[in-house]
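Please explain to a first-year student how the enclosed spaces, the ring pairs and a few individual residues of this protein are arranged. The account should be formal and should lead the reader from one part to the next.

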Amino acid sequence: MAEKILIVGGGIAGMALAIALNRAGTRSEIVEINPNWTAPGLGIALSGPSLPAFNQIGVLDPIVERGFGFSFIELADADGNVTATVDLPRLVGPDYPSALGIMRQELHLVLRQAVTDAGLIARLGITVDVLDQSDGGVDVTFSDGQKERYELVVGADGANSKVRDLIFGEEWRPQYTGQAVWRATIKRPAEVQSRTSYHGPRHKAGYTPVSESDMFIYFVENLPEFVRLPDEQLPVVLNDLLADFGGFIGAARDEISDPDKIAYRPITSLILPSPWYQGRVVLVGDAAHVATPHLASGAGISIEDSIVLAEALQSENSVENGLAAFMKRRFERCRVVVENSFQLGEWEKTPDAPGADPVGVERETVQLMAQPF
């Protein structure tokens, strides 16, 4: 295994990789452009693959404690009448849920604490500017002008990855799918026990519990061109968009009033062709593949990437062989998740399309994710 590894990005994938490498006996350094090292956004749904991955790096218990676990998902009509239930396998055993919702900030704090407890170095407020490869290593020039050489550089810097731009070019960037997603944090009614999707006449909405007290409502909007809105307009616009829905969503509309508890983002998608590395620079997580939120599996496959990379580097006799082994294990699994997530979004835009089978695609992906990674 490489002895000097730089991880660019201190988000979910980057911190998971640092923890996994440390547990394998190799220390790494993290650089994170956010000087405060905080997590943006509101709630996040973590599906089946996330939990075994977190368990493998020893952080599952505090994550479960801070989130809200469930072992099935429901599909409902616009009024909240359940039309189908998909049972989820308990991949970590009967004492743990199959999936969970959690506030992003809470997840970030658990991972950051594990990184800190391991005594790992995190340099904040900087990123990489130049990656110059030669003689089995990478000379890195940082945005603050400092220079250092590493045996391996890992780009875990998200969907807008600077590392991806540097090694593969700016043409490989996530593309807008024609949909936008809204999330709003509200109080959780006691009856809400799982992620539930409402299929309305024009759009899809739903909710995911994230703690004993809170849940987030999400709304997927078909929007050929994404239009940014002033923050003060977000509650009014979201309330109007949710007018088609009854059930818990309809009842919650009056509670949606604080712009700081609303996130409105374009949905993008990307699957970088194999391999996700060039020389001694490799990508993991959203830097290599961006899944739409329809299957709640983007975070899960990102964490899997980090664990598999650490395993491959440890088990193979060279960095080059480790990267090849990593790629062999990851590409097809991630491709299926990204493409199935994208397909669900396409069917939402054209619900009368021949052969549309969203329940079947969800079941197929759940079965795939139940397989060891």
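Which elements each supply at least two residues of the lining of the second largest cavity? In this predicted model, the elements that do so are strand β13, residues 175-187, and helix α9, residues 319-349. The contribution of α9 is the largest share of that lining, at 5 residues. The cavity itself has a volume of about 30 Å³. Its lining is made up of T177, Q179, T292, H294, S341, F342, G345, E346 and K349. Sorted by character, the lining of this second largest cavity contains 6 polar residues, 2 charged residues and 1 nonpolar residue.

The search that finds such places rests on a simple idea. Rolling a probe the size of a water molecule over the atoms shows where empty space is left. In this structure there are 2 cavities of 30 Å³ or more. The largest cavity holds about 210 Å³ of space. It is lined by 21 residues, and those closest to its centre are S47, G48, L88, L295 and V366. Two elements, β3 (43-46) and α10 (358-369), give two or more residues to this lining. Of these, α10 gives the most, with 4 residues. The lining of the largest cavity divides into 14 nonpolar, 5 polar and 2 charged residues, whereas the lining of the second largest cavity divides into 1 nonpolar, 6 polar and 2 charged.

A pocket, unlike a cavity, is an open space. The second largest pocket has a volume of about 290 Å³. Among the 17 residues that line this pocket, H199, K204, W347, E348 and P351 are the closest to its centre. At least two residues of the lining come from each of β16 (214-222), α9 and α10. Helix α9 again appears here, with the largest share of the pocket lining, 4 residues. The pocket lining consists of 7 nonpolar, 5 polar and 5 charged residues.

Between α9 and α10 runs a loop, and A353 has its place there. Is A353 buried, partly exposed or exposed? Its relative accessibility is 23%, so A353 counts as partly exposed. A353 and P259 are 94 residues apart in sequence, and their C-alpha atoms are 36 Å apart in space.

The discussion now turns to the aromatic rings. The structure holds 11 aromatic pairs. One of them joins Y198 and Y207, whose ring centres are 5.7 Å apart; because their planes stand at 65°, and planes over 60 degrees apart count as edge-to-face, this pair is edge-to-face. Both Y198 and Y207 are buried. These two tyrosines also belong to a cluster linked by ring pairs, together with F219, F245 and F248.

A further edge-to-face pair is formed by W276 and F326, with 6.1 Å from centre to centre and 70° between the planes. Which parts of the chain does this pair tie together? W276 lies in the loop between β17 (262-271) and β18 (277-278), while F326 belongs to helix α9; the pair therefore ties together parts that are 50 residues apart in sequence. W276 has a relative accessibility of 0% and so counts as buried. F326 is likewise buried, since its relative accessible area is 0%.

Rings also lie beneath charged side chains in this model. K4 lies over the face of Y150, at 5.2 Å from the ring centre. In the same manner, R123 lies over the face of F142, at 4.5 Å from the ring centre.

F142 also leads to another residue, D129, with which F142 is in contact. D129 is found in strand β9, residues 128-134. When neighbours within four places in sequence are left aside, the contacts of D129 are T141, F142, S143, K162 and L166. With a relative accessible area of 35%, D129 is partly exposed. D129 and I7 are 122 residues apart in sequence, yet 14 Å separates them in space, C-alpha to C-alpha.

Methods. Residues are numbered from 1 along each chain as its sequence is written. This is a predicted model: local features need pLDDT of at least 70, side-chain atom pairs count only at pLDDT 80 or more; totals for chains, interfaces and linings use all residues. Side-chain values use heavy atoms; hydrogens and water are left out. On a 1 Å grid over the protein atoms alone, a cavity is a set of points where a 1.4 Å probe fits but cannot get out, and a pocket is an open set with protein on both sides within 12 Å along at least five of seven lines; lining residues have an atom within 4 Å of a point. Grid points are joined across faces, edges and corners, and a volume is the space filled by probe spheres set on the points. Ala, Val, Leu, Ile, Met, Phe, Trp, Tyr, Cys and Pro count as nonpolar, Asp, Glu, Lys and Arg as charged, and the others, Gly among them, as polar. Rings of Phe, Tyr and Trp (its six-membered ring) pair if their centres lie within 6.5 Å; planes under 30 degrees apart count as stacked, over 60 as edge-to-face and the rest as tilted. Buried means under 20% relative accessible area, exposed over 50%, partly exposed in between (1.4 Å probe, protein chains only). A charge sits over a ring if NZ of Lys or CZ of Arg is within 6 Å of the ring centre and within 35 degrees of the ring normal. Contact means heavy atoms within 4.5 Å.
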